[in-house]
Amino acid sequence: MKAWGAVLDPSNKSGIRFLGDPDAKFTEALGLSFESAAIFGNNRSKRYALVVEDGKVKEAYVEPDNTGVDGIENISLPSIDELRDPEC
């Protein structure tokens, strides 16, 4: 997560926080883990993004099948280029 943040927002100007969940406690509390121990040796997290305002989740974007996000064209999110720090 730190590397993504460094590439997408090296000056920390976007207001986006890139957070890891190494023990998967947060992911499990959200019900967003999936069984993958046979392949990876442990369970994994679905890919997701949360829009949080004043400590409350306002929107959640969850990868539906662990392979990619369907219907992304219907979600109004800024592009990577819009998020990227222009000084990069």
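Visitor: Where does Asn12 lie?

Guide: The structure here is a predicted model. In it, Asn12 does not belong to a helix or strand run but to a connecting segment: it lies in the loop between α1 and α2.

Visitor: What is the phi of Asn12, which is not a glycine?

Guide: Asn12 sits in the loop between α1 and α2. Although Asn12 is not a glycine, its phi is positive, at about 55°.

Visitor: Is Asn12 buried or exposed?

Guide: A residue counts as exposed when its relative accessible area is over 50%. Asn12 has a relative accessible area of 66%, so Asn12 is exposed.

Visitor: Which helices flank the loop that holds Asp9?

Guide: One helix covers residues 2–8 and another covers 25–30. Asp9 lies in the loop between them, so by the numbering of helices from the N terminus the two are α1 and α2.

Visitor: Which side chain of opposite charge is nearest to Asp9, and how far away is it?

Guide: Asp9 is buried yet has no salt bridge. A salt bridge would need a side-chain nitrogen of Lys or Arg within 4 Å of a carboxyl oxygen, so a distance beyond that cut-off does not qualify. The nearest candidate for Asp9 is Lys13, 7.7 Å away.

Visitor: Which residues is Asp9 in contact with, leaving aside its neighbours within four places in sequence?

Guide: Asp9 lies in the loop between α1 and α2. With the sequence neighbours set aside, the residues in contact with Asp9 are Trp4, Ser14, Gly15 and Ile16.

Visitor: How many salt bridges does a search of the whole structure find?

Guide: Side chains of opposite charge can pair when their charged atoms come close. Asp9 is not part of such a pair, as it has no salt bridge. For the whole structure, the number found is 1.

Visitor: Which residue forms a salt bridge with Glu63?

Guide: The closest N and O atoms of the pair are 3.6 Å apart. The cut-off is 4 Å, so a pair at that distance qualifies. The partner of Glu63 is Arg47.

Visitor: How many residues apart are Glu63 and Arg47?

Guide: Glu63 is in the loop between β4 and α4 (80–83), while Arg47 is in the loop between β2 (44–45) and β3. The pair links distant parts of the chain, and its separation is 16 residues.

Visitor: Which counts as buried, Glu63 or Arg47?

Guide: Arg47 has a relative accessible area of 60% and is therefore exposed. Glu63 has 3% relative accessibility, under the 20% limit for a buried residue. The buried one is Glu63.

Visitor: In which sense do β3 and β4 pair?

Guide: The strands β3 and β4 cover residues 48–53 and 56–62. Val52 has Val57 as its bridge partner in β4, and Val51 has Glu59. Over 6 bridges, the sense of the pairing is antiparallel.

Visitor: What phi does Asp54 take in the hairpin of β3 and β4?

Guide: Asp54 lies in the loop between β3 and β4, and the hairpin has 2 residues between the strands. Asp54 is exposed, with a relative accessible area of 81%. Its phi is positive in a residue other than glycine, with a value near 50°.

Visitor: Which side chain makes a polar contact with the side chain of Asp21?

Guide: Asp21 lies in the loop between α1 and α2 and is partly exposed, with a relative accessible area of 26%. Its side chain also reaches the backbone nitrogen of Lys25 at 3.3 Å. The side-chain to side-chain polar contact, at 2.7 Å, is with Thr27.

Visitor: How far apart in space are Asp21 and Ser45, C-alpha to C-alpha?

Guide: In sequence, Asp21 and Ser45 are 24 residues apart. In space, C-alpha to C-alpha, the distance is 9.0 Å.

Visitor: What pattern does the protein follow when read along the sequence?

Guide: There are 4 helices and 4 strands in the protein. Read along the sequence, their order is α-α-β-α-β-β-β-α.

Visitor: What percentage of the residues in the protein is buried?

Guide: Glu63 is one of the residues that count as buried, and Asp9 is buried too. The protein has 88 residues, and the buried share is 10%.

Methods: Residues are numbered from 1 along each chain as its sequence is written. This is a predicted model: local features need pLDDT of at least 70, side-chain atom pairs count only at pLDDT 80 or more; totals for chains, interfaces and linings use all residues. Side-chain values use heavy atoms; hydrogens and water are left out. Buried means under 20% relative accessible area, exposed over 50%, partly exposed in between (1.4 Å probe, protein chains only). Lys and Arg count as positive and Asp and Glu as negative; His and the chain ends are not counted. Contact means heavy atoms within 4.5 Å. Two strands pair if DSSP finds at least two bridges between them. A polar contact is a pair of N or O atoms within 3.5 Å; within protein, one must be able to donate a hydrogen and the other to accept it, and residues adjacent in sequence count only if both atoms are side-chain atoms.
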